[in-house]
Amino acid sequence: MNKPWLIIFTEGHPDIDTGFLYPELNVIFENFEKIVVYPFRWDNKPFEYAFPTNVVFSPDFADFIKTISYFRKKVYGIRSPLFWRYFYKVKTTKLSSLLNTCGFVALLGNWINNLEHDRGNTIFYSYWLTVPSLVLSFLKEKRRVIYFISRAHRFDLYDERGDYVLN
């Protein structure tokens with residue numbers, strides 16, 4: 001069997017995550033045919049580090065996120081089963097945030113679902129426990145993603161460190 005692909009979702013390039021990702025990627029790169037990193041935010045600053053040749057950073061995810069309008073998020077949110085699942089469980093003051101989150105989840109789910117990859121031989125990895133983790137969990141439920149990992153950090157684990165709608 002060929003080595004698997006690894007698709008990583010992370011927060012930003014280059015100033016946020018490259019310092020975190022660099023040591024990890026230098027340890028694991030040999031285990032994968034290709035590693036594609038999709039950051040939420042992208043600018044064209046040069047990398048501080050030299051990454052292995054099978055590691056590719058792509059601005060496609062960040063470019064897609066820039067195209068999502070406020071109205072589009074609301075439309076997708078109101079049509080989302082996730083929104084209706086939590087509609088009666090959140091405070092009225094949080095409904096707008098819930099609507100935005102659910103719309104964002106639906107849009108990102110469509111984008112991730114359409115990525116080219118070998119379904120049985122790709123591991124998805126959300127470096128932060130943020131929206132991509134939620135999206136990947138739904139895609140796994142629908143059996144569109146087989147393997148995914150999500151890393152939790154302090155603000156993911158402790159309420160006083162993060163501000164989440166679905167608490």
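**Exercise 1. Locate N114 and state whether it is buried or exposed.**

Solution. N114 lies in the loop that joins α5 (95-113) to β4 (122-126). Helices (H or I, at least four residues) and strands (E, at least two) are DSSP runs, numbered from the N terminus. The model is predicted: local features need pLDDT of at least 70, side-chain atom pairs count only at pLDDT 80 or more, and totals for chains, interfaces and linings use all residues. Residues are numbered from 1 along each chain as its sequence is written, and side-chain values use heavy atoms, with hydrogens and water left out. Buried means under 20% relative accessible area, exposed over 50%, and partly exposed in between (1.4 Å probe, protein chains only). The relative accessible area of N114 is 61%, so N114 is exposed.

**Exercise 2. Test whether the span of α5 agrees with its number of residues.**

Solution. The expected span of a helix is 1.5 Å times one less than its number of residues. For the 19 residues of α5 this gives 27 Å. The end C-alpha atoms are 26 Å apart, which agrees.

**Exercise 3. Describe the largest nonpolar core and the part that α5 plays in it.**

Solution. A nonpolar core is a set of buried Ala, Val, Leu, Ile, Met, Phe, Trp, Tyr and Cys residues joined through side-chain atoms within 4.5 Å. The largest one has 29 residues, and F9, Y38, F61, L108, W111, I112 and F124 have the most contacts inside it. Its largest share, nine residues, comes from α5. Among the buried residues of α5 are L108, W111 and I112.
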